[in-house]
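Biologist: I have a fold open on my screen and I'd like to learn how to read it. Could you walk me through it, one feature at a time?

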Amino acid sequence: MSVIPFDQRDGVIWFDGKLVPWKEAKVHVLTHGLHYGSCIFEGERAYDGVIYKCTEHSQRLQKSAEIMDFTIPYSIAELDAAKYLCLKENGLRDAYVRPVAWRGSEMMAVSGLNNAIHTAIAVWEWPSMFDMAQKLKGVRLDVAAYRRPDPACAPVHAKAAGLYMIATLSKHKAERAGYADAMMLDWEGNVAECTGANIFFIKDGVIHTPTADRFLNGITRQSVIELCKKRGFEVVERRIRPEELEGFSECFITGSAAEVTLVSEIGPYNFVTGNMGKVIMEDYSDEVRPKSKAA
């Protein structure tokens, strides 16, 4: 993966309705989204020229904006078209896709009611967060000290930039300790998710995953649940206590960046990288890049 800083790359970015040179896609330092977290975004992937669940991601971006009390000045169809335009103009077929919307610079205070809403879309080459060898071996997770907040205290169903502050801190701590990521608990001490991925466990052929009413219900999460049910696997969504991890045999995480990745360890708990997890990983790969299309 390229190590070129993201503000120094070549290409174009869709910025407020038009394509601009990558290096000129800038905002002012006194921007509400930077100072007060009034920013939302999406993470998506294009496979062989097709953006997986493109419209669903645009719909979620619009929903996040609604939760964050602003309106994106573009329709879902316009956002979808802009994403494909970015792929075409940057000459990419396999890419990561990042739409983002934020409050501008008209006011610099907690209130930003009169601030313009800006929207941008960038695409770039980015392989899966983990390479295939890591995915099959299983990544190691730490247990985060920070917890996901009570929905009464934060807009947890928006993909809002501010909610990722504790995720960044937790991932930094995990990486410094030699882990790939960290599992976060909710405010009551139940298993919630990882810093940027949802989590699943397997026991006696049954898949268990935390109920997604206290954190973002990932689009990849929803897709994987559908694939598991299609294969006939039982999926149970429920509260999971961390001490239950000792009784699970397999574990995997899901997300647009991580795709489906097996987990071998969470703190003191170990898991096998078994057949069910590998089947789910293969099913997701076939879902996003069907062999008939790839041929």
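**Reading the fold, feature by feature**

Modeller: Let's start with one residue and its company. Leaving out residues up to four places away in sequence, Met184 touches Ala144, Tyr146, Arg148, Ile166, Ala167, Ser170, Asn190, Val191, Ala192, Glu193, Cys194 and Thr195. Keep in mind that this is a predicted model.

Biologist: Where does Met184 sit, and is it buried or exposed?

Modeller: Met184 belongs to strand β9, which covers residues 181-186. Its relative accessible area is 0%, so it counts as buried. You can also gauge distance through the fold: Met184 and Ile199 are 15 residues apart in sequence, and their C-alpha atoms are 9.9 Å apart in space.

Biologist: Tyr146 was on that contact list. What does Tyr146 touch on its own account?

Modeller: Setting aside neighbours within four places in sequence, Tyr146 is in contact with Ile166, Leu169, Ser170 and Met184. Tyr146 lies in strand β8, residues 139-148. With a relative accessible area of 43%, Tyr146 is partly exposed, while Met184 is buried. For another distance, try Tyr146 and Met183: they are 37 residues apart in sequence and 9.7 Å apart from C-alpha to C-alpha.

Biologist: Okay, let me zoom out. How many helices and strands does the chain have?

Modeller: The chain has eight helices and 16 strands.

Biologist: And how do I judge the overall shape?

Modeller: Compare the radius of gyration with what a compact globule would give. For 295 residues that would be near 19 Å, and the chain has 19 Å, so the two agree. Along the principal axes, the C-alpha atoms fill a box of roughly 55 × 50 × 35 Å.

Biologist: What share of the chain is buried?

Modeller: Buried residues make up 52% of the 295. On the outside, the chain exposes about 14,100 Å², with carbon and sulfur atoms supplying 54% of that area.

Biologist: Which contacts tell me about parts far apart in sequence?

Modeller: Look at pairs 24 or more positions apart. They account for 68% of the contacts with a separation of 6 or more.

Biologist: Let's talk charge. Why would two side chains pair up at all?

Modeller: Side chains of opposite charge can pair when their charged atoms come close. In this chain there are 35 positive and 39 negative side chains, and the centres of the two sets lie 2 Å apart. The structure holds 20 salt bridges.

Biologist: Show me one. How far apart are the N and O atoms of Lys63 and Glu66?

Modeller: Their side chains meet in a salt bridge at 3.4 Å, N to O. Lys63 and Glu66 are three residues apart in helix α2 (residues 54-67), so about one helical turn separates them. Lys63 is partly exposed at 43% relative accessible area, and Glu66 counts as exposed at 53%.

Biologist: What about Lys83 and Asp80: are they buried or exposed?

Modeller: Both Lys83 and Asp80 are buried. They form a salt bridge too, with the closest N and O atoms 3.7 Å apart. Here the helix is α3, residues 76-89, and the two are again three residues apart, about one helical turn. Asp80 and Lys83 are also linked with Glu44 in a network of salt bridges.

Biologist: Which residue pairs with Lys171?

Modeller: Glu175 does, with the closest N and O atoms 3.9 Å apart. Both lie in helix α5 (residues 165-176), four residues apart, which is about one turn of the helix. Glu175 is partly exposed, at 42% relative accessible area.

Biologist: Last topic: backbone angles. What is the phi of Asp16?

Modeller: Phi of Asp16 is near 50°, a positive value in a residue other than glycine. You'll find Asp16 in the loop between β1 (12-15) and β2 (18-21). At 27% relative accessibility, Asp16 counts as partly exposed.

Biologist: And where is Glu259?

Modeller: Glu259 lies in strand β15, residues 259-266. Its phi is near 55°, again a positive value in a residue other than glycine. Glu259 is buried, with a relative accessible area of 12%.

How values were computed. Residues are numbered from 1 along each chain as its sequence is written. This is a predicted model: local features need pLDDT of at least 70, side-chain atom pairs count only at pLDDT 80 or more; totals for chains, interfaces and linings use all residues. Side-chain values use heavy atoms; hydrogens and water are left out. The radius of gyration is taken over C-alpha atoms; the globule rule is 2.2 Å times the number of residues to the power 0.38. Buried means under 20% relative accessible area, exposed over 50%, partly exposed in between (1.4 Å probe, protein chains only). Contact means heavy atoms within 4.5 Å. Accessible areas come from the Shrake-Rupley method with a 1.4 Å probe; for residues, only the protein chains shown count as cover. Lys and Arg count as positive and Asp and Glu as negative; His and the chain ends are not counted. The place of a charge is taken as NZ of Lys, CZ of Arg, CG of Asp or CD of Glu. A salt bridge is a side-chain nitrogen of Lys or Arg within 4 Å of a carboxyl oxygen of Asp or Glu.
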